[in-house]
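Let's take a friendly walk through this structure, from its backbone to its surface. Keep the model open beside the text as you read.

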Amino acid sequence: MRAFLAGLKLIGSRVNWPLFWGLSFFFVVIFTLVRGTYWVSDWLVAHHDAQIKTLKVLGKPHYTNEDDIVAAIKTADLNSFFELDVKAVHKAVKSLPWIATVSVRKQWPDTLQVYVVEHKPVAHWNSDSLLNDDGEVFQASSNKLPQGLPELYGPEGSAEEAWQTFKQFKALLAVNQFTLESLALSERFAWQLWLDNGIRLNLGREDKAKRVQRFIDVYPRMERPEGKVIDVIDLRYDTGLAVSWKEPTEQQEQQNNKSEA
């Protein structure tokens with residue numbers, strides 16, 4: 001008996017127990033991963049035909065009909081939750097005229113969420129397009145457009161600069177009781193402004209802010225011929241300006257009579 005116990009003690013002293021337990025843990029982990037892989041594979045096969053059953057359109061679109069968004073989404077294959085091409089859904093919804101940005105998300109087990117942000121129209125661009133508040137051009141139409149959007153014109157690629165310039169001058173003129181309605185940038189990058197009282201300002205290509213300020217300073221002191229109203233003020237001079245006159249329209253005559261009264 002003593003000899004047997006002595007033999008066990010000798011064997012135990014030769015076993016590297018940290019290595020033994022380390023290897024045991026390693027094989028247990030490998031076994032668990034293999035079993036888990038088989039389980040996931042079986043689960044995916046069993047749920048391979050899971051379909052999208054619920055569509056959620058988020059973002060409160062104002063100009064775009066929600067039915068049009070759903071119709072765009074359904075151009076993609078919704079028969080498989082796993083195989084759904086999210087990029088195809090994104091592209092289809094983004095192609096709608098009023099949609100600026102799209103976010104598409106799958107939500108297990110059968111839901112597709114589509115969050116949309118529309119363009120915010122701030123101006124008409126070259127008569128046939130619109131500008132959003134980032135100065136980006138887009139083409140869309142709606143009977144819900146705000147009334148009195150300004151008219152902006154310019155060469156291709158100049159929309160953002162035109163919009164930023166319009167905002168700058170609109171604020172400057174508004175402080176001095178003028179209302180800016182329209183702006184144009186020519187192919188030679190010369191600027192023109194139209195005010196709500198019918199006056200057109202020719203600013204040229206250089207020092208446009210200084211020339212607008214010159215108009216603001218000089219306008220109150222300008223002498224007007226009887227029966228005439230200002231048509232164009234040419235500010236393309238280093239120091240002075242030139243004025244063109246015209247016969248007043250009926251609306252302008254009424255406004256003049258009210259101001260005189």
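Helices (H or I, at least four residues) and strands (E, at least two) are DSSP runs, numbered from the N terminus. This is a predicted model, in which local features need pLDDT of at least 70 and side-chain atom pairs count only at pLDDT 80 or more, while totals for chains, interfaces and linings use all residues. Residues are numbered from 1 along each chain as its sequence is written, and side-chain values use heavy atoms, with hydrogens and water left out.

**Backbone features**

A good place to start is the loop between β2 (99-107) and β3 (111-118), where P109 lies. The peptide bond leading from W108 into P109 is cis, and its omega is near 15°. As background, most peptide bonds are trans, and most residues other than glycine have a negative phi.

Which phi sign does F189 have, positive or negative? The phi of F189 is positive, about 65°, although this residue is not a glycine. F189 sits in the loop between β8 (180-185) and β9 (191-195). For exposure, buried means under 20% relative accessible area, exposed means over 50%, and partly exposed is in between (1.4 Å probe, protein chains only). F189 counts as partly exposed because its relative accessibility is 44%.

D207 also has a positive phi, about 50°, and is not a glycine. Its loop runs between β10 (200-204) and α6 (208-218). With a relative accessible area of 47%, D207 is partly exposed.

**The nonpolar core**

Now look inside. In soluble globular proteins, nonpolar side chains tend to be buried together. A nonpolar core here is a set of buried Ala, Val, Leu, Ile, Met, Phe, Trp, Tyr and Cys residues joined through side-chain atoms within 4.5 Å. The largest such core has 29 residues, and L152 and F215 touch the most other members. At least two residues of this core come from each of β4 (121-125), α5 (159-175), β8, β9, β10, α6 and β11 (229-234). Which element gives the most to this core? The answer is α5, with six residues.

Two buried residues are worth finding in your viewer. A162 belongs to helix α5 and is buried, since its relative accessible area is 0%. Between A162 and W125 there are 9.6 Å from C-alpha to C-alpha, and the two are 37 residues apart in sequence. I199 is in the loop between β9 and β10, and its relative accessible area of 2% makes it buried. I199 is 46 residues away from W245 in sequence, with 9.7 Å between their C-alpha atoms.

**Salt bridges**

A salt bridge is counted when a side-chain nitrogen of Lys or Arg is within 4 Å of a carboxyl oxygen of Asp or Glu. How many salt bridges does this rule give? The count comes to three, and they are set out below.

| Acidic residue | Basic residue | N to O distance |
|---|---|---|
| E247 | K228 | 2.7 Å |
| D231 | K246 | 3.8 Å |
| D234 | R236 | 2.7 Å |

The pair of E247 and K228 links distant parts of the chain, 19 residues apart: E247 is in the loop between β12 (242-246) and α7 (250-260), and K228 is in the loop between α6 and β11. K228 is partly exposed, at 34% relative accessibility.

The pair of D231 and K246 also links distant parts of the chain, with D231 in strand β11 and K246 in strand β12, 15 residues apart. D231 is partly exposed at 26% relative accessibility, and K246 is partly exposed with a relative accessible area of 26%. D234 counts as buried because its relative accessibility is 12%.

**Surface patches**

Patches are made of residues with over 30% relative accessible area and no salt bridge; like charges are joined within 9 Å, and nonpolar side chains (Val, Leu, Ile, Met, Phe, Trp, Tyr) within 5 Å. Accessible areas come from the Shrake-Rupley method with a 1.4 Å probe, and for residues only the protein chains shown count as cover.

L58, Y115 and V117 make a nonpolar surface patch of about 240 Å². Of these, Y115 is in strand β3 and is partly exposed, at 43% relative accessibility.
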